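Here is a short set of exercises to work through with the viewer open. Try each task yourself before reading the solution below it.

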Amino acid sequence: MADPMTQSAQISSSQGLADGQNSVAAKDSKMSVKDLVHWRDPKKSGVVFGLSLLTLLSLAAFSVISVISYLLLALLCVTITFRIYKSVVQAVQKSNDGHPFKALMEKDVSIPPETFHKHVDVSLTYINRFLKQMSKLFLVEDLIDSLKLAVVMWLLTYVGAVFNGITVLILADILLFAVPPFYEKNKTQIDRYMEIARTQVNTTMAKLQEKLPGAVKRTKAE
């Protein structure tokens with residue numbers, strides 16, 4: 001007969017191993033946005049990219065109301081068809097398996113108040129930071145930064161004349177899933193060219209700043 005303490009140790013060790021495996025499985029099942037855009041799992045990334053691109057292309061061709069209505073209608077057609085199919089199968093086989101979506105219906109889909117408040121607080125932090133930065137730019141706390149914003153806005157006027165909002169989102173979606181893997185494959189060369197470009201920009205900005213009046217120059221003390 002085994003010692004009770006030995007049995008307890010074995011049970012604790014097996015539970016710890018099971019918990020470790022469950023935690024690893026949970027981590028593997030959860031993919032961050034970074035993993036998706038880097039194509040860590042090609043199947044999941046392909047599905048997300050395809051659905052997002054299809055949705056944006058649909059919005060480019062139809063109104064938002066039409067796209068949402070068609071998506072919900074397609075989902076209802078799938079669930080209703082599957083529900084009827086399972087009911088017919090159960091009637092023919094004279095089984096009592098119950099509702100086919102019972103497991104999903106029993107899941108708690110409500111958002112906990114703590115989670116909601118947490119995300120609201122995080123969003124509020126970013127919003128306040130953005131508003132503070134915008135006030136600095138538009139009130140010209142630093143002339144160089146405000147000029148940079150003016151140049152970006154001026155360039156965006158040309159972008160807006162060529163593309164509409166949906167087209168820009170489609171291009172952004174394609175670039176979001178195309179640029180990260182390309183960067184990973186050519187990281188060394190891209191970093192070298194980026195460093196050269198950054199040096200040139202900093203040199204140009206330093207020369208421009210030297211030509212500005214002393215009252216608007218950026219000082220390290222500030």
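Two residues are in contact when heavy atoms of theirs lie within 4.5 Å. Keep in mind throughout that the model is predicted.

**Exercise 1. The overall picture**

Task: Describe the fold by its elements, its contacts and its surface.

Solution:
- Step 1. The secondary structure consists of nine helices and zero strands.
- Step 2. Take the contacts between residues at least 6 apart in sequence: 50% of them join residues at least 24 apart.
- Step 3. Turn to burial: 9% of the 222 residues count as buried.
- Step 4. The accessible surface comes to about 18,300 Å², and carbon and sulfur atoms hold 67% of that surface.

**Exercise 2. Annotated spans**

Task: Find which residues the UniProt annotation "transmembrane region" covers, then describe each span in the model.

Solution:
- Step 1. According to the unreviewed UniProt entry, the annotation covers residues 47-78 and 162-183.
- Step 2. Residues 47-78 are 94% helix and 0% strand, with 18 Å between the end C-alpha atoms.
- Step 3. Residues 162-183 are 91% helix and 0% strand, and here the end C-alpha atoms lie 27 Å apart.

**Exercise 3. Aromatic pairs**

Task: Search the whole structure for aromatic pairs and work out the geometry of two of them.

Solution:
- Step 1. The search gives five aromatic pairs.
- Step 2. One of them joins Phe 49 and Phe 177, with 5.1 Å centre to centre and 50° between the planes, a tilted arrangement.
- Step 3. This pair links distant parts of the chain: Phe 49 belongs to helix α3 (residues 42-61) and Phe 177 to helix α8 (residues 165-185), 128 residues apart.
- Step 4. Phe 177 has a relative accessible area of 6%, so this residue is buried.
- Step 5. Trp 154 and Tyr 158 make an edge-to-face pair, 5.2 Å centre to centre with 85° between the planes.
- Step 6. Trp 154 and Tyr 158 are about one helical turn apart because they are four residues apart in helix α7 (residues 143-162).
- Step 7. Following the ring pairs also gives a cluster of Trp 39, Phe 49 and Phe 177.

Extra task: At what distance from the ring centre of Tyr 193 does Arg 192 lie?

Solution: Arg 192 lies over the face of Tyr 193, and the distance to the ring centre is 5.3 Å.

**Exercise 4. Three polar residues**

Task: Place Ser 45, Asp 142 and Asp 97 in the chain, and decide for each whether the residue is buried or exposed.

Solution:
- Step 1. Ser 45 sits in helix α3. Its relative accessibility is 0%, so Ser 45 counts as buried.
- Step 2. Beyond its neighbours within four places in sequence, Ser 45 is in contact with Asp 35, Leu 36, Trp 39, Arg 40 and Phe 177. The side chain of Ser 45 reaches the backbone oxygen of Leu 36 at 2.7 Å.
- Step 3. Asp 142 is in the loop between α6 (113-138) and α7. With a relative accessible area of 16%, Asp 142 falls under the 20% cut-off and is therefore buried.
- Step 4. A polar atom of the Asp 142 side chain lies 3.3 Å from the backbone nitrogen of Asp 145.
- Step 5. Asp 97 belongs to the loop between α4 (64-93) and α5 (102-105). At 56% relative accessibility, Asp 97 is over the 50% cut-off and so counts as exposed.
- Step 6. Ser 87 and Asp 97 are ten residues apart along the chain, and 9.3 Å separates their C-alpha atoms.

Notes: Residues numbered from 1 in each chain as written. Predicted model: local features only at pLDDT ≥ 70, side-chain atom pairs only at ≥ 80, totals over all residues. Heavy atoms only, no water. Helix = DSSP H or I, 4+ residues; strand = E, 2+ residues; numbered from the N terminus. Buried < 20%, exposed > 50% of the residue type's maximum accessible area, 1.4 Å probe, protein only. Phe/Tyr/Trp six-rings, centres within 6.5 Å; stacked < 30°, edge-to-face > 60°. Lys NZ or Arg CZ within 6 Å of the ring centre and 35° of its normal. UniProt positions renumbered as here; feature names shortened; annotations may be inferred. Areas by Shrake-Rupley, 256 points an atom, 1.4 Å probe, with all protein chains shown as cover. Polar contact = N/O pair within 3.5 Å; in protein donor to acceptor, adjacent residues only side chain to side chain.
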